[in-house]
Amino acid sequence: MPAIEVGETFTETRTFRPEDVDQFAALSGDDQPRHTEPDGDGRRMVQGLLTASLLTSIGGDLEVLASRMDLQFQRPVYTGETLVCELTVVSADPHTDGGVALVGDVAVRRVNRDDDSGQADTAAPNSADSAPAGTVVLEATVEGLIRE
């Protein structure tokens with residue numbers, strides 16, 4: 001695992017489909033009608049924790065053992081909307097037991113609506129100057145440990 005630096009940004013892009021919502025409902029038990037029945041526009045509301053799974057995808061790629069996540073849901077997300085999750089490293093300090101203690105700020109943005117292009121997995125470091133435009137739907141702070 002390469003060194004993680006303060007200011008480094010990682011992204012994940014995904015468009016949730018009705019099948020994703022159904023699978024998460026079956027796994028989590030969060031099968032409220034708002035998630036299982038389409039609204040007047042034919043969309044389904046994506047479960048909040050399914051939206052937050054974008055964070056865990058980045059954490060998995062970085063091999064982070066998460067210890068804390070502070071999630072603040074700002075707006076609902078619907079199937080067919082493309083989301084970009086951006087994690088920016090705010091601290092990366094050597095841990096007493098080895099490895100690196102990591103703190104990151106996260107913003108999940110809706111970058112378009114009604115995009116049926118499927119899912120795109122683009123977890124990769126980005127420049128902090130290239131933040132995606134769009135409506136923030138979730139903000140978070142995450143903490144964890146990357147073992148060497």
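Does E143 count as buried, partly exposed or exposed, and at what relative accessibility? In this predicted model, E143 counts as partly exposed, at 29% relative accessibility. The partner of E143 is R68, and the two side chains meet in a salt bridge with an N to O distance of 2.8 Å. The pair ties together parts that are 75 residues apart in sequence, because E143 lies in strand β6 (residues 135-146) and R68 in strand β2 (residues 64-73). R68 is also partly exposed, with a relative accessible area of 38%.

Strand β6 holds another residue worth a look, I146. With a relative accessibility of 6%, I146 counts as buried. Along the chain, I146 and L65 are 81 residues apart, yet their C-alpha atoms are separated by 6.3 Å.

How many salt bridges does the structure hold? There are nine. A general idea helps in reading them: side chains of opposite charge can pair when their charged atoms come close. One of these bridges joins the side chains of R17 and E19, at 3.8 Å from N to O. R17 counts as partly exposed, at 35% relative accessibility, and E19 is partly exposed too, with a relative accessible area of 43%. Another bridge brings together the side chains of D39 and R43, at 2.9 Å from N to O. Here D39 counts as partly exposed at 27% relative accessibility. R43, at 16%, counts as buried, because the cut-off for buried is under 20% relative accessible area. D39 and R43 do not stand alone, as salt bridges link them with E81 and R110 in a network.

Helix α1 comes next, and it spans residues 18-28. Which residues of α1 are buried? They are D20, V21, F24 and A25. Seen down the axis of α1, these buried residues fall within an arc of 135°, so they line one face of the helix. A general rule is useful here: an α-helix has 3.6 residues a turn, so residues three or four places apart point the same way. On the other side of α1, the exposed residues are Q23, A26 and L27. The buried residues of α1 have three packing partners, namely strand β1 (9-15), helix α2 (33-36) and helix α3 (48-62). After α1 comes G29, which has a positive phi, near 85°.

Finally, the interior can be followed through its largest nonpolar core, which has 25 residues. Which members of this core touch the most other members? They are V106 and V108. At least two residues of the core come from each of α1, α3, β3 (82-94), β4 (100-112) and β6. The largest share is that of α3, which supplies six residues. For V108, the contacts can be listed one by one, leaving aside neighbours within four places in sequence. V108 is in contact with T51 and L54, with L83, V84 and C85, and with T135, V136, V137 and L138.

How values were computed
Residues numbered from 1 in each chain as written. Predicted model: local features only at pLDDT ≥ 70, side-chain atom pairs only at ≥ 80, totals over all residues. Heavy atoms only, no water. Buried < 20%, exposed > 50% of the residue type's maximum accessible area, 1.4 Å probe, protein only. Helix = DSSP H or I, 4+ residues; strand = E, 2+ residues; numbered from the N terminus. Arc of directions from axis to C-beta. Contact = heavy atoms within 4.5 Å. Salt bridge = Lys/Arg side-chain N within 4 Å of Asp/Glu carboxyl O. Core = buried A, V, L, I, M, F, W, Y, C linked by side-chain atoms within 4.5 Å.
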